[in-house]
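Me: Please take a close look at the surroundings of the ligand. I am a first-year student, so please explain each term, and then continue to the pairs of charged side chains.

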Amino acid sequence: MSLGKGIGVLTLEGSIIEVNDLEYSFGDVKAVDNISFTVQEGEIFSFLGPNGAGKSTVINILTTLLMIQKGTAKVAGYDVEKEPEKVRESIGIVFQELTLDRDMTVREILEYHGRLYSMPKTARQERIEELIKLVELEGKRDTLTRHLSGGMKRRLEIARGLMTRPKVLFMDEPTLGLDPQTRIRIWEYVKDINQQGTTIFLTTHYMDEADQLSDRISIIDHGEIIVTGKPWELKNALGQDLIYLESSDNAAASGLLKGLSSVKGIREKSKGIVVMVNVDGTYLLPEIMDLLRNGGIRVKAVNLKKPSMDDVFVHYTGREFRDEGAEKGSVAIVRAGRR
Ligand code: ADP
Ligand code: MG
């Protein structure tokens, strides 16, 4: 069913979002610094970065809530600066903050949104039922949003974002502050929605969210894109395995191991070193232990693991941040104070 929305002419083959040299400042604060990227039609694309990285600013520009200061952006084939109404007709938005009217019921929220976008009555009602089913709020149709749990509110916001069958759904931190089970459920909806043909642009500061949900990720820090790739590409680029070593002389250990052909790189940590290897670490580890022992170096601790999104972030930004306040089971990145 079409709601009479024009489908934009895509200039780059297959790309539904095109951003070139985007910059944005709030007074003296440069929130977005020369960002360029494209999102392909049908993708789940994520901006992964710590608080203050500039994620919301980019999303607000792409959804026409902030005016472009410098650079260009196209969404669904429409220029964000010159054709903002066309852009707005092509997109759905789920904001970082909850934006539901507390005194409206689930059905009223969706109904109101449909009217706002001049959806015909029958189409509106059909869509409302479809979406209520999708986000499993059947039992809550006539419940005031003030009585919904945090997860239900988020699901309702997602449903609202989908009312007009947008080509692109923008989601700013879709699972911020939700418990682990609810987050996983939201991820499932996002995947479903994507499978039904909606391109998704999301921002997150949760590593696991970006990793598990995205076709491609851009890591963003201090308003700049640091690296872009598929999650497995980003992780594989660090090597097949990571070996963490603490020893009596980390510098000497580092010097010895650098000579091994299977060692891809070594990163120093506060108490030890991380050795990136491009072979199965299980079999390299005994060799490493012998080498160090023969070199008179005593190994105090050792750990073998696969590279995670966490490691990717540290590798490219040189910083490591764990959100102490994050829910169990999720690793998040948090910006430390700027030096
Ligand atoms: P993120 O969404 O990644 O947490 P934001 O895009 O919200 O980051 O913020 C990027 C930078 O811009 C931060 O330094 C933030 O403090 C600043 N900033 C964001 N919104 C405003 C605003 N309305 N006024 C002034 N500074 C802002
Ligand atoms: Mg934000």
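Reply: **The shell around ligand 1**

Ligand 1 is surrounded by F26, V29, A31, P50, N51, G52, A53, G54, K55, S56 and T57; a residue belongs here if one of its heavy atoms lies within 4 Å of the ligand. The model is predicted, so local features need pLDDT of at least 70 and side-chain atom pairs count only at pLDDT 80 or more, while totals for chains, interfaces and linings use all residues. Residues are numbered from 1 along each chain as its sequence is written, chains are lettered from A and ligands numbered from 1 in the order written, and side-chain values use heavy atoms, without hydrogens and water.

By residue type, the shell divides into five nonpolar, five polar and one charged. Here Ala, Val, Leu, Ile, Met, Phe, Trp, Tyr, Cys and Pro count as nonpolar, Asp, Glu, Lys and Arg as charged, and the others, Gly among them, as polar.

Several polar contacts (pairs of N or O atoms within 3.5 Å) reach oxygen atoms of the ligand. A53 contributes a backbone N or O atom at 3.1 Å, and K55 a polar side-chain atom at 2.8 Å. For T57, an N or O atom in the side chain is 2.5 Å from a ligand oxygen. Taken alone, ligand 1 exposes 560 Å², of which the protein buries 60%; such areas come from the Shrake-Rupley method with a 1.4 Å probe. Two or more shell residues come from each of β2 (29–40) and α1 (55–62), and α1 gives the most, with three. Helices (H or I, at least four residues) and strands (E, at least two) are DSSP runs, numbered from the N terminus.

We turn now to the charged pairs. Side chains of opposite charge can pair when their charged atoms come close. The structure holds 24 salt bridges, each a side-chain nitrogen of Lys or Arg within 4 Å of a carboxyl oxygen of Asp or Glu. In one of them, K30 meets E23 at 3.1 Å, N to O. With a relative accessible area of 38%, K30 is partly exposed, whereas E23, at 16%, is buried; buried means under 20%, exposed over 50%, and partly exposed in between (1.4 Å probe, protein chains only).

Another salt bridge joins R124 to E111, with the closest N and O atoms 2.9 Å apart. This pair links distant parts of the chain, R124 lying in helix α4 (residues 121–134) and E111 in helix α3 (residues 106–116), 13 residues apart. Both R124 and E111 are buried. They also take part in a network of salt bridges that links R107, E111, R115, R124 and D142.

Definitions and conventions. Polar contact = N/O pair within 3.5 Å; in protein donor to acceptor, adjacent residues only side chain to side chain.
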